[in-house]
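Please look through the sequence and the structure shown here before reading on, and keep both in view while you follow the text.

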Amino acid sequence: MGLLLVAGFAAAFVCDTFNLADQYLAQIIMYIGINVILTVSLNLVNGYMGEFSVGHAAFMAVGAYAASFFSVSVFPQNPAFFPLSLFAGGICAAFLGFMIAVPAFRARDDYLAIITLALIMITKSVLENLPWFGGPQGYHGIQKYTNLSGVYLCTIASIMVIRNIVYSNFGRGIIAVRDDEVAANLVSVDTKQVKILAFVISSFFAGIAGGLFAHLIQFINPRTFSILKSTDILLMLYLGGSGTIIGSILGAAIWTVLIEALRFLGIWRFVFAPVALVMLMIYRPLGIMGGREWRLFIPKENDHGRKK
Amino acid sequence: MIMDEKNSTKLLFRVNGLSHSFGGLKAVSNFNLSVDSGAIWGILGPNGAGKTTVFNLITGVYKPDEGEIIFKNEYIDGLPSPAIIAQGIARTFQNIRLFKSMSVLDNVRTAAYGNLSYPLWSAVFRTRQYHNWENRVRGSSSAILEKFGLADRMHEQAASLPYGQQRKIELARALLSKPELLLLDEPGAGMNPAELHNLAELILWVRKEFGVTIILIEHRMQLVVKLCDYVKVLDFGETIFDGMTSGLGQSEAVVKAYFGEDQADARH
């Protein structure tokens, strides 16, 4: 498995350096990677922890704007500093996640959804009204630093980090909150801490994805990060099946490819794709994976097969 | 220091003047309890008598309106639940509350959360510290499951096991943190007389094996009389009996609450 990962990185790196990949194809692959990061990280809160946050677009926006600000105005214009800008974007998003998590998790369920919905609206209008980032016209002058190997590394890293957290004591705490929060509290799980932790980690990776996204399309404006963006991420999550890593990856990949493949339908693709989703929810309500994890994502010490 | 001077047994747990209301309803009023190390206490009372509320107050699910709760000479009232559990109190629930999507093993080891001794990055990078801690917890969890005869079902989903075994998983989960005081909320709920007999054996075994002091809630006499050294009877939030189990039958108030006015009269 390790060898395969290295080979993948080598392939991405070679494609980048010698410009081997077709521009369009490379673009799609990078979109898939970014969407996988978004979906896997949202999965931590909405899937494993069983809450319903719709605020992912806001964290993505903060990550995108912060990373762009750092790469345009703070660091020298050099791709070598890009990882730092990305990280700074992630940290800013995580900080916002923390600020929101503390009050938001006094509420649950519908209320958390409403609070995070408000967060999207606030973030969007703040960005529209801040003069430094171009306001409603959007942020210009971002260099194209995002490349295949960068996206590859970030995607693999976020999958690994989230998988390692899920299969640890913290992950058991997160799942315990989903299954029975009261019981979790009474077997010593500090549910407040667990919720904040999951939310902060989730928003950190959303911020990273935002930074990658900004440096891929080189132009961002506040409208990009509206509720529609959050809806997209939610769609990908529930399409693949929440609560599993493989589900998030499949959901993100299939949805991204589907929207591209249906381009010939013109505006009708936005009718077709949701209809397909409705069908899926009717015939496979738990998503494509239906809550089953791919064996490769289960650590050896946790994998006891399906023996009866 | 709070010590019972008469017979030098150690006072483990004390509740003084505990009261709690939900809106206008007084669920618990002026509840007192002193529990010595090693005893089994029963809290008896009809449905709605406020028994579970007492447990919820002790474990921090609700904050008491009045009164104090002292465990090992420390005030624990008003602390958040995980902090209370960390002091050495554990409980089970009336309607079994397992983590349904988890395996039996995961259910039990989740209770080790409070003793966590590795930071987040240690889990992310799978450091030695992570592996050491996880291996230790895995060992102690499977050891407890072994004692309960559940070792071979460790990797099955907890929710898929029969009712009696789910009760055992809940007990195992509560005992993982090595509590000194174990609160059992109607452990016999939904059991027939034969199962109740086994349960009584199980609880006695738990006391011996794990050296815990037990307070258990019941609304049926049978189990309480069989198990408990002391008993406290609640009715509509008020205490109507408090003392050795053997004195239970002599109490008029208890007979009245349990068998009705006629029965109490007929005895005279």
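The paragraphs below go from the confidence of the model to chain B, then to the contact between the chains, and finally to one loop of chain A.

This is a predicted model, and the predictor gives the complex an ipTM of 0.88 together with a pTM of 0.90. For chain B the mean pLDDT is 88, and 94% of the residues of this chain reach 70 or more. The start of chain B needs more caution, since over residues 1-7 pLDDT stays under 50, and for this stretch the model has 10 contacts beyond four places in sequence.

A good place to begin in chain B is strand β8, which covers residues 213-218 and is mostly covered, with six of its six residues buried. In a regular strand the side chains alternate between the two faces of the sheet. In β8(B), Thr213(B), Ile215(B) and Ile217(B) point one way, while Ile214(B), Leu216(B) and Glu218(B) point the other way, and all of these residues are buried.

Which strands pair with β8(B)? One of them is β3 of chain B, residues 40-44, which runs parallel to β8(B) and is joined to it by five bridges; within this pairing, Leu44(B) has Glu218(B) as its bridge partner. Another is β7 of chain B, residues 181-185, which also pairs with β8(B) in the parallel sense, over five bridges, and here Leu183(B) stands opposite Ile215(B). If you follow the chain from β7(B) through helix α7, residues 193-210, to β8(B), you trace a right-handed β-α-β unit.

Chain B also holds an open sheet of four strands, in the order β2-β1-β4-β5, and its pairing is antiparallel. Because β2 (25-36) and β5 (74-75) of chain B stand at the edges and have a single partner strand each, one side of each is left without a neighbour in the sheet. The partner of β2(B) is β1 of chain B, residues 11-22, to which β2(B) is joined by eight antiparallel bridges, and in this pair His20(B) stands opposite Val28(B).

We now turn to the place where the two chains meet. The contact takes 29 residues from chain B and 21 residues from chain A. On the side of chain B that touches chain A, the elements that give two or more residues are α2 (81-88), α3 (104-110) and α4 (120-124) of chain B, and among these α2(B) gives the most, with four residues. The residues on this side of chain B divide into 15 nonpolar, seven polar and seven charged.

Helix α2(B) deserves a second look, for in it Ser81(B), Pro82(B), Ile84(B) and Ile85(B) are buried. Seen down the axis of α2(B), these buried residues fall within an arc of 160°, so they line one face of the helix. What do the buried residues of α2(B) pack against? They pack against α8 (181-185) of chain A together with β6 (89-91) of chain B.

The last stop is in chain A, where Pro76(A) lies in the loop between α3 (56-74) and α4 (82-104). Is Pro76(A) buried or exposed? Pro76(A) has 7 C-beta neighbours inside 10 Å, and therefore counts as exposed, since a residue is called exposed if it has 12 or fewer. The C-alpha atoms of Pro76(A) and Arg172(A) are separated by 43 Å, and these two residues are 96 residues apart along the chain.

Technical notes. Residues are numbered from 1 along each chain as its sequence is written. Chains are lettered from A and ligands numbered from 1 in the order in which they are written. This is a predicted model: local features need pLDDT of at least 70, side-chain atom pairs count only at pLDDT 80 or more; totals for chains, interfaces and linings use all residues. A residue is buried if 20 or more other C-beta atoms lie within 10 Å of its own, exposed if 12 or fewer, and partly exposed in between; C-beta atoms are placed from the backbone. pLDDT is the predictor's confidence in each residue, from 0 to 100. Two residues are in contact if their C-beta atoms, placed from the backbone, lie within 7 Å. Two strands pair if DSSP finds at least two bridges between them. A crossover is right-handed if, with the strands pointing away from the viewer, the path from the first strand over the helix to the second runs clockwise. Ala, Val, Leu, Ile, Met, Phe, Trp, Tyr, Cys and Pro count as nonpolar, Asp, Glu, Lys and Arg as charged, and the others, Gly among them, as polar. The arc is that of the directions from the helix axis to the C-beta atoms.
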